Amino acid sequence: MKKFLRKLELPEFVKDSRLLIAVLSVFLLTVISTVVAFFINAIFGVAMLLIFILEIFWAIFGIYILAQNTNDYAANLSYRIKRGEQEAMIKMPLGILLYDESRHVQWVNPYLQLYLGDQDAIGKTIESVDKKLGKLVDEALEAKTSQSKVVKWGERQFEMVVQDSIGVIYLLDITRYADIADKYRAERLAIGQIFIDNYDELSERMHDQELARTSTYLQTTLNDYAKKFNSFLKRIDEDHFLLLAHLQDLEAMEEDKFSVLDKIRLETSRNNTPLTLSVGIAYGGESLRKIANQAQANLDLALGRGGDQVVLRELGQVARFYGGKSNPMEKRTRVRARMVSQALGELFKDVDQVFVQGHQRPDMDSVGSGIGVVKIARLHGVKAHFLLDTEHCNYDVDRLVKKMQAKNPNLDLFLSPEEANAEATPNSLLVLVDHSKYSITYDQNLYNRLKNRIVVIDHHRRGEEFPENPMLTYVEPYASSASELVTEMVEYQQPEEDNRVLTNLEATAMLAGITVDSKEFSLRTGTRTFDAASYLRSIGADSSLVSEILKEDISSFLVRTHLVSSLQMLRPKMAIMQGPENKIIDPIITAQAADTALDLEGVAASFAITRRSNESIGISARSMGKINVQVIMEKLGGGGHLSNAATQLKDISVDEACQKLLSAIDEYLAENS
């Protein structure tokens with residue numbers, strides 16, 4: 001009996017307290033029934049006792065059988081599970097590889113062996129079995145994660161998991177599903193807007209026959225280019241085309257760097273009818289409406305940057321730029337200047353006060369154009385000021401301010417940022433001059449307060465960082481300076497009787513702004529630049545006073561000379577200057593050093609790197625026009641013009657900034673080789 005009980009191994013469910021209570025309750029009732037039966041009748045009691053004994057025996061025997069059956073079932077189930085695992089490891093379409101601490105293969109299942117061919121992998125290192133697989137395993141181990149990762153091995157794609165703690169690699173072939181995903185992505189729709197930058201201007205001076213020939217050439221060239229990349233092109237206006245392309249074809253165009261821009265520019269230039277294209281392309285969204293709106297915004301950005309380029313952007317991602325190799329041609333018209341001047345006057349009628357501000361550390365162009373806008377506003381009877389801390393400004397601006405204060409002791413042209421923030425109301429207007437990048441605006445607090453009531457007047461190429469909803473935008477990269485743009489607007493103002501918009505000194509300030517930004521009319525100058533300068537001279541601007549205001553002080557000259565003396569030709573035709581690590585140099589001196597280097601023989605582009613503060617490094621870039629320094633500076637987070645650009649870098653040394661600059665230059669040269 002004891003041997004039997006020792007063999008009797010009760011299943012876990014029999015040991016459940018609720019089941020035991022139920023069984024004991026039945027036994028107790030049987031005992032009570034037997035006792036009661038003996039009191040009633042001895043024979044009946046004996047019968048009940050026999051039944052009770054039989055019940056105990058049957059219960060024990062039943063439990064034994066149940067326990068044996070349960071154990072047999074568990075053993076069978078365990079065997080089937082283990083057999084299933086073994087079958088899965090051997091036959092399931094999942095590659096499994098076991099390795100030891102030294103990365104030697106210990107076992108490979110038959111499915112993975114199919115991808116390894118006939119070679120015997122056991123005992124060899126993973127890398128010696130397959131270099132690509134070894135590299136993938138190394139990358140997975142360096143990532144220190146057991147998460148699955150999609151990798152490409154040979155011609156197929158796998159979802160790979162590496163569990164280094166137990167030395168096992170799992171490879172699931174997902175090529176079929178990856179191909180479906182790739183096909184879906186490749187066939188997503190991209191929408192493009194193509195605009196012929198200066199078609200109207202050229203068509204005005206062309207004969208009908210010549211215009212028809214040029215129009216046909218454009219249509220044929222663009223159609224051939226679209227056909228080459230399996231895309232759809234539709235002309236929707238004389239100077240406007242719609243482009244539809246699959247993403248895979250758009251990527252091929254991107255690899256081609258949109259060569260159609262160069263082709264049309266070069267071939268039309270040979271025929272003395274130079275035409276350039278601006279293109280905005282968007283993709284990546286589920287809504288065609290959003291993609292189309294983004295394409296239009298990209299086209300606006302391309303035009304704002306001077307045209308002759310492609311702006312390509314995936315929804316929600318950073319824009320990519322191609323082209324922009326040519327100097328912006330003078331494409332704006334006097335009609336545009338007059339319309340902006342009138343629109344600005346209308347805006348001034350509905351505000352209580354106008355605040356004008358330039359960029360941080362405002363230069364003469366920023367101050368000169370700002371003064372012009374202030375005087376236009378006051379001409380319309382609106383209170384207006386230019387934001388400037390007159391106690392802390394550049395030497396040339398300081399000279400101008402002192403001359404103005406000497407001429408008019410009650411001068412109220414300038415306002416400190418603190419006073420402006422105290423006076424600003426929700427009905428005030430903020431005008432940004434000589435910049436459109438809000439992160440470098442003179443007073444960030446005032447910008448944040450009035451960011452929904454902004455006007456932008458700028459001559460730099462428009463970047464991605466731009467006020468979201470400006471009330472009026474006048475961005476013309478073809479102008480030499482912001483002062484030139486404002487001067488044209490002043491020309492269209494009509495003061496009452498003999499009142500003048502600008503005093504002689506104010507006109508001189510604007511002429512100084514044009515002089516500084518055009519490097520004394522030697523760079524980025526067109527006929528309109530000289531027209532603006534001529535107008536300012538006619539209303540009293542003094543060129544000799546301009547020279548006096550712009551004179552460089554001796555200390556600045558020595559610093560600039562020392563900076564130029566560090567010049568090195570680290571790349572062909574590119575001069576690079578580095579200031580000392582422990583000395584902060586004024587950005588204007590840095591820019592002047594870059595300008596000075598351009599005067600040297602064999603220098604096509606110059607870069608001056610100096611420390612601007614304890615936390616930041618500034619780079620000023622200049623070129624003669626053949627090298628696009630704007631693109632180089634954009635790679636470092638900056639921007640500007642094709643021949644005049646800059647950037648700032650945070651928390652690095654001057655030497656590190658130089659290395660970053662050299663990497664950006666090398667990347668630019670590779671893209672344009």
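Reader: What makes strand 20 and strand 21 a hairpin, and how are they joined?

Author: In this predicted model, strand 20 and strand 21 form a hairpin with four residues between them. Seven bridges join the two strands, which run antiparallel. Two strands pair if there are at least two bridges between them, so strand 20 and strand 21, with seven, count as paired. Within this pairing, Ser606 stands opposite Arg622 of strand 21.

Reader: How do you know that strand 21 is paired with strand 23?

Author: Seven bridges join strand 21 to strand 23, and pairing takes at least two. These strands run antiparallel. One of the bridges has Ser620 with Ala646 of strand 23 as its partner.

Reader: Why is the pairing in the sheet called mixed?

Author: The six strands stand in the order 18-19-20-21-23-22 in an open sheet. Strand 19 (residues 574-578) and strand 20 (residues 605-611) run parallel and are joined by five bridges, with Met574 opposite Ala605. Strand 20 and strand 21, by contrast, run antiparallel. The sheet has mixed pairing.

Reader: What makes strand 21 largely enclosed?

Author: Buried means under 20% relative accessible area. Eight of the eight residues of strand 21 are buried, so the rest of the structure largely encloses this strand. Ser616, Gly618, Ser620 and Arg622 point one way, Ile617, Ile619, Ala621 and Ser623 the other way, and all are buried.

Reader: Which strands does helix 23 lie across?

Author: Helix 23 (residues 587-598) lies across strand 19, strand 20 and strand 21, at about 30 degrees to strand 21. Helix 25 (residues 654-671) also packs on the sheet, touching strand 18, strand 19, strand 20, strand 21 and strand 23. The direction of helix 25 makes about 165 degrees with that of strand 19.

Reader: Why is helix 15 called roughly antiparallel to helix 19?

Author: The axes of helix 15 (residues 395-407) and helix 19 (residues 504-517) cross at roughly 170 degrees and come within 11 Å. Angles over 145 degrees count as roughly antiparallel, so helix 15 is roughly antiparallel to helix 19. Leu400, Lys403, Met404 and Lys407 of helix 15 meet Leu505, Glu506 and Ala509 of helix 19. These contact residues divide into four nonpolar, no polar and three charged.

Reader: Why does Asn421 count as buried or exposed?

Author: Asn421, in helix 16 (residues 417-423), has 18% relative accessibility. The cut-off for buried is under 20%, so Asn421 counts as buried. A polar atom of the Asn421 side chain lies 2.8 Å from the backbone oxygen of Pro417.

Terms used. Residues numbered from 1 in each chain as written. Predicted model: local features only at pLDDT ≥ 70, side-chain atom pairs only at ≥ 80, totals over all residues. Heavy atoms only, no water. Contact = heavy atoms within 4.5 Å. Axes fitted to C-alpha atoms, helices over the stretch in contact; angles between N-to-C directions. Parallel < 35°, antiparallel > 145°, perpendicular 65-115°, else oblique. Nonpolar A, V, L, I, M, F, W, Y, C, P; charged D, E, K, R; others polar. Buried < 20%, exposed > 50% of the residue type's maximum accessible area, 1.4 Å probe, protein only. Polar contact = N/O pair within 3.5 Å; in protein donor to acceptor, adjacent residues only side chain to side chain.
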